[in-house]
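I sat down with this one and kept a running log of what I looked up. Entries follow in the order I made them.

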Amino acid sequence: MPLNKLDKCVGCRCMSAPFKKLTNEELIQINRNRVEVNFKKGEIIAKQGALAAHIIYIKSGLVKVYREHANDELILSVENQGKILGLQALYSKNIYPYSVKAYTDTSVCLHDIKTIDSFIHNNAAFSASILRHLNDESLFSYNRMACLTLKQLHGRFADLLLCFSLRLFKRKKFSVPISKKDMAAITNMSQESLSRVIKEFVSENIIELKGKEITILDFDRVRHLSQVG
């Protein structure tokens, strides 16, 4: 978990929307109260129930966000560059409500939670942008809950393909750095059911599969399956 040499926040090209609302003076302040850390694939970035000293910003890489219960886990989402994690800890006794693990080698900025809280109270534009960010998270959670409880297997897998293509990788051909076990967990199906659905998508020329590389051949069909469930 090595530390990176810090770049300046002012002029940062990977800055997320809320941080664009900060003044130069606030960016200088936040730069003094953060660290950049590299995590290797499989390393824990945040632990559910741990005291949260930092808000996490994903600079690069891919992570999974999940809830833990005994020996089981529920994958809440998969996130990549630009995602802010841990905001809920601001008003929940400074405790992380979920765990975060690196799917790939990942670089993060760890921002001092007290500094972020101060900006929320003193910068209305930053506060409003944080509120929009949390609102987007709520809507995403509602849609995910509906997907898992209301859609059939094919609709759930179609949703996963759209997530990969539109939200994470932003292309129709991508390599999936996620195990089949986790893909099954994300879609709330057994590994056997997932394998069967993937074979059907391949046989019907909806996708092409080469190892871990997926190419969406019929995007309209994937959208339709996602909509009708």
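**Entry 1: helix 3**

Which elements do the buried residues of helix 3 pack against? Before answering, I noted for myself that this is a predicted model. I found strand 5, strand 6 (84–85), helix 2 (113–122), helix 4 (153–168) and helix 5 (180–186) on the list of packing partners.

Next I pulled up the buried residues of helix 3 themselves: Phe126, Ser129, Ile130, His133, Glu137, Arg144, Cys147 and Leu148. Glu137 and Arg144 are in that set, so I wrote down the cut-off, which is under 20% relative accessible area for buried.

Then I checked the length of helix 3, which covers residues 124–150. With 27 residues at 1.5 Å a residue, helix 3 should span 39 Å, and I get 38 Å between its end C-alpha atoms, so the two agree.

**Entry 2: Leu76**

Strand 5 came up as a partner of helix 3, so I picked a residue there, guided by the packing list. Leu76 sits in strand 5, which runs over residues 72–79. Is Leu76 buried, exposed or partly exposed? I have Leu76 down as partly exposed, because its relative accessible area is 29%, between the 20% and 50% cut-offs.

I listed what Leu76 touches beyond four places in sequence: Val65, Tyr66, Arg67, Tyr98, Phe140 and Arg144. Arg144 is also among the buried residues of helix 3. For a distance, I took Leu76 to Ile120: they are 44 residues apart along the chain, and their C-alpha atoms are separated by 26 Å.

**Entry 3: Val100**

I moved to strand 7 (residues 99–102), where Val100 lies. Val100 counts as buried, since its relative accessibility is 0%. What is Val100 in contact with, leaving aside neighbours within four places in sequence? I wrote down Glu43, Ile44, Ile45, Ala46, Val63, Lys64, Val65, Tyr66 and Leu85. Val65 and Tyr66 also appear in the Leu76 list. From Val100 to Lys199 I count 99 residues along the chain and 31 Å between C-alpha atoms.

**Entry 4: Ile113 and Arg34**

Ile113 belongs to helix 2. I have Ile113 as buried, with a relative accessible area of 4%. Apart from residues up to four places away in sequence, Ile113 touches Ala52, Ala53, His54, Ile55, Ala89, Leu90 and Asn94. How far apart are the C-alpha atoms of Ile113 and Asn33? I get 9.2 Å, with the two positions 80 residues apart along the chain.

I looked at Arg34 in strand 1 (residues 34–39) as well. Arg34 counts as buried, at 7% relative accessibility. Arg34 and Gly211 are 177 residues apart in sequence, and I find 39 Å from C-alpha to C-alpha.

**Entry 5: positive phi**

Most residues other than glycine have a negative phi, so I went after the exceptions. Ala70 has phi near 55 degrees, which is positive. Ala70 is in the loop between strand 4 (63–69) and strand 5, and I have Ala70 as exposed, with a relative accessible area of 73%.

Asn205 also has a positive phi, near 60 degrees. I placed Asn205 in the loop between helix 6 (191–203) and strand 10 (207–210). Buried or exposed, then, for Asn205? Asn205 counts as exposed, because its relative accessibility is 54%.

**Entry 6: the whole protein**

I zoomed out last. The protein has seven helices and 11 strands. Its radius of gyration is 19 Å, close to the 17 Å that the globule rule gives for 229 residues, so I logged the protein as being as compact as a globular protein of that length. Along the principal axes, the C-alpha atoms fill a box of roughly 55 × 35 × 35 Å.

For burial, I have 45% of the 229 residues as buried. The protein exposes about 12,400 Å², and carbon and sulfur atoms supply 53% of that. Of the contacts with a separation of 6 or more, 72% link residues 24 or more positions apart.

My final lookup was charge. I get 34 positive and 23 negative charges in the protein, and their mean positions are 2 Å apart.

Key:
Residues numbered from 1 in each chain as written. Predicted model: local features only at pLDDT ≥ 70, side-chain atom pairs only at ≥ 80, totals over all residues. Heavy atoms only, no water. Helix = DSSP H or I, 4+ residues; strand = E, 2+ residues; numbered from the N terminus. Buried < 20%, exposed > 50% of the residue type's maximum accessible area, 1.4 Å probe, protein only. Contact = heavy atoms within 4.5 Å. Rg over C-alpha atoms; globule rule 2.2 N^0.38 Å. Areas by Shrake-Rupley, 256 points an atom, 1.4 Å probe, with all protein chains shown as cover. Lys, Arg positive; Asp, Glu negative; His and termini not counted. Charge placed at Lys NZ, Arg CZ, Asp CG, Glu CD. Expected span 1.5 Å × (residues − 1).
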